[in-house]
Each structure stands twice: as structure tokens, then as C-alpha cells.
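I opened a fresh page for this protein and want to write down what I look up as I go. Here is the structure I had on screen.

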Amino acid sequence: MGDIFISPAYDIRRVPIEKIRANAYNPNRTAPPEFQLLERSILEDGYTMPIVCYYDKEQDFYEIVDGFHRYLVMKNSEEIAKREGHCLPVSIIDRPLEDRIASTIRHNRARGTHSIELMTEIVQQLVESGLSDQWIMKHIGMDKEELLRLKQLSGLASLFQNQEFSRAWNWEEDEEISEE
């Protein structure tokens, strides 16, 4: 029998906020009213969900995979930061960058909306790193049409380089048909 899988939520760490950093790829944005509601929730209920992070051992910091806005609440609220001892509850996932990006998107898509511009940049980054359309669709939760739209928005022909296209219209064949 194989190893028993234990979810990261069973190993929450108390991490000083100065050791936590935002990632560079999160396309999620929260409008001011929802951000204020999140702050109110944390003020009244405390942190009920951990921040999901990747731990970079070499640089000794935690990069956020999910929970950026919960992190931002503490950064912006001295009252909450003081009450929490300037620490956040963190669960750790140890995954390569492309899997962390996919995880961020899955977390976000499960509960909210995304910036189209940033989603387009993420798709571009994933395609340019060599990941297939099938990988992107499976791991990010996109259908083929959405992926195509985001590629088209990027305006980069390189995103289509590995695509198979149907045969283009042929004017010579069209003339043959019209002469019959």
C-alpha cells in the first residue's frame, strides 16, 4: 500500500507576516466593498482559513499561492496585525511553479472573478513555458473556447505555434466548383 496522503490543512504554521510575500501571477482582484467585508469578517471572527503558501528554503520566505487578500488585510490593519501577533496561519504546498499557478487559479475560480488581462498573461506564460493546451485546460479549469479567447487577446502568434488548423479556403477549388 502507498503512503497515506495528508492534506496541508492538517499542518498549519504560525508565520510572521514579514516572511510572507505575494506571488507575481495572481489575477484575482477584490472590489473595495468585498475587501471591507473580508476585513470585517477577520476582525469579528479571526482568521478562519489559512493562507496557502510555498516555502522557499533557500531564501527563507513563504510565497502566497492562495490567500493574498487575507494577507493584505493584515498588512493594512494594525488592529488585526497586533491582535494576531503579526503572524498568519499558513498551510504549505511543495509544488513546482506551474502547479502553484494552477492552484492559485483553481482557488480563485472556485470563488470569484479574474482580471482578463492577467489571465491572458498567465496563459501566455504557461504556453511559453512549454505546457500544452490540454495541461492548461485540465489544471486551470478552462474549456477550449476560453483558452482560445485568452490566446487571441494576447495577440501573440507564438501561442498558436503548436496548433493544428483546418485547411484554409482555396480560391482555385472555389473556381472549379463555380465552373461546374
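My entries below go from the overall layout to cores, helices, surface and charged pairs.

**Entry 1: layout**

I kept in mind from the start that this is a predicted model. I counted elements to begin with: the protein has eight helices and five strands. Reading from the N terminus, I get the order β-β-α-β-β-α-α-β-α-α-α-α-α.

Next I looked up burial, and 39% of the 180 residues in the protein are buried. The exposed surface of the protein comes to about 12,000 Å², with carbon and sulfur atoms supplying 50% of it. I also checked the contacts with a separation of 6 or more: 74% of them in the protein join residues 24 or more positions apart.

**Entry 2: the largest nonpolar core**

Which residues touch the most other members of the largest nonpolar core? I found Met119, Ile122, Leu126, Ile136, Ile140 and Met142, out of 21 residues in that core. Two or more residues each come from strand S3 (51-56), helix H4 (97-109), helix H5 (116-128), helix H6 (133-140) and helix H7 (144-154). H5 gives the largest share of this core, five residues.

There is another core apart from this one, and I noted its 18 residues as including Tyr62, Ile64, Met74 and Ile80. As background for myself, nonpolar side chains tend to be buried together in soluble globular proteins.

**Entry 3: Ile136 and H6**

I picked Ile136 for a closer look. Setting aside neighbours within four places in sequence, I list its contacts as Leu126, Val127, Leu131, Gly141, Met142 and Leu147.

Then I went through the helix that holds Ile136. Six of the eight residues of H6 are buried, so this helix is largely enclosed by the rest of the structure. The buried ones are Asp133, Trp135, Ile136, Met137, His139 and Ile140. What do the buried residues of H6 pack against? I get H4, H5 and H7.

Just past the end of H6, I noted Gly141 with a positive phi of about 80 degrees.

**Entry 4: H2**

I did the burial lookup for helix H2 (residues 68-76) too. Its buried residues are His69, Arg70, Tyr71, Val73 and Met74. Met74 also turned up in the 18-residue core. The cover over the buried residues of H2 includes strand S2 (20-21), helix H1 (32-45), S3, strand S4 (61-66), helix H3 (78-83) and strand S5 (87-92).

**Entry 5: a nonpolar patch outside**

On the surface I found a nonpolar patch made of Ile4, Ile6 and Tyr10, with about 460 Å² of accessible area together. Tyr10 sits in the segment before strand S1 (13-16). Is Tyr10 buried or exposed? Its relative accessibility is 71%, so I filed Tyr10 as exposed.

**Entry 6: cysteines**

How many disulfides are there? My count is zero. For reference, a disulfide is a covalent bond between the sulfur atoms of two cysteines. I looked up two cysteines anyway: Cys53 is buried at a relative accessible area of 0%, and Cys87 is buried at 10%.

**Entry 7: salt bridges**

The structure holds seven salt bridges, and I wrote up three of them.

Arg40 and Glu44 join through their side chains at 3.5 Å, N to O. Both residues lie in helix H1, four residues apart, which is about one turn of the helix. The general rule fits on one line: an α-helix has 3.6 residues a turn, so residues three or four places apart point the same way. For accessibility I have Arg40 as partly exposed at 43% and Glu44 as exposed at 57%.

The pair Glu63 and Arg100 also comes out at 3.5 Å, N to O. Glu63 lies in strand S4 and Arg100 in helix H4, so this salt bridge ties together parts 37 residues apart in sequence. Both Glu63 and Arg100 are buried.

Last one: Arg83 forms a salt bridge with Glu84, and their closest N and O atoms are 3.0 Å apart. Which of these two is buried, and which partly exposed? Arg83 is partly exposed, with a relative accessible area of 41%. Glu84 has 18%, under the 20% cut-off, so I put Glu84 down as buried.

Technical notes: Residues numbered from 1 in each chain as written. Predicted model: local features only at pLDDT ≥ 70, side-chain atom pairs only at ≥ 80, totals over all residues. Heavy atoms only, no water. Core = buried A, V, L, I, M, F, W, Y, C linked by side-chain atoms within 4.5 Å. Buried < 20%, exposed > 50% of the residue type's maximum accessible area, 1.4 Å probe, protein only. Contact = heavy atoms within 4.5 Å. Patch = residues over 30% accessible without salt bridge, like charges linked within 9 Å, V, L, I, M, F, W, Y side chains within 5 Å. Areas by Shrake-Rupley, 256 points an atom, 1.4 Å probe, with all protein chains shown as cover. Salt bridge = Lys/Arg side-chain N within 4 Å of Asp/Glu carboxyl O. Disulfide = S-S within 2.5 Å.
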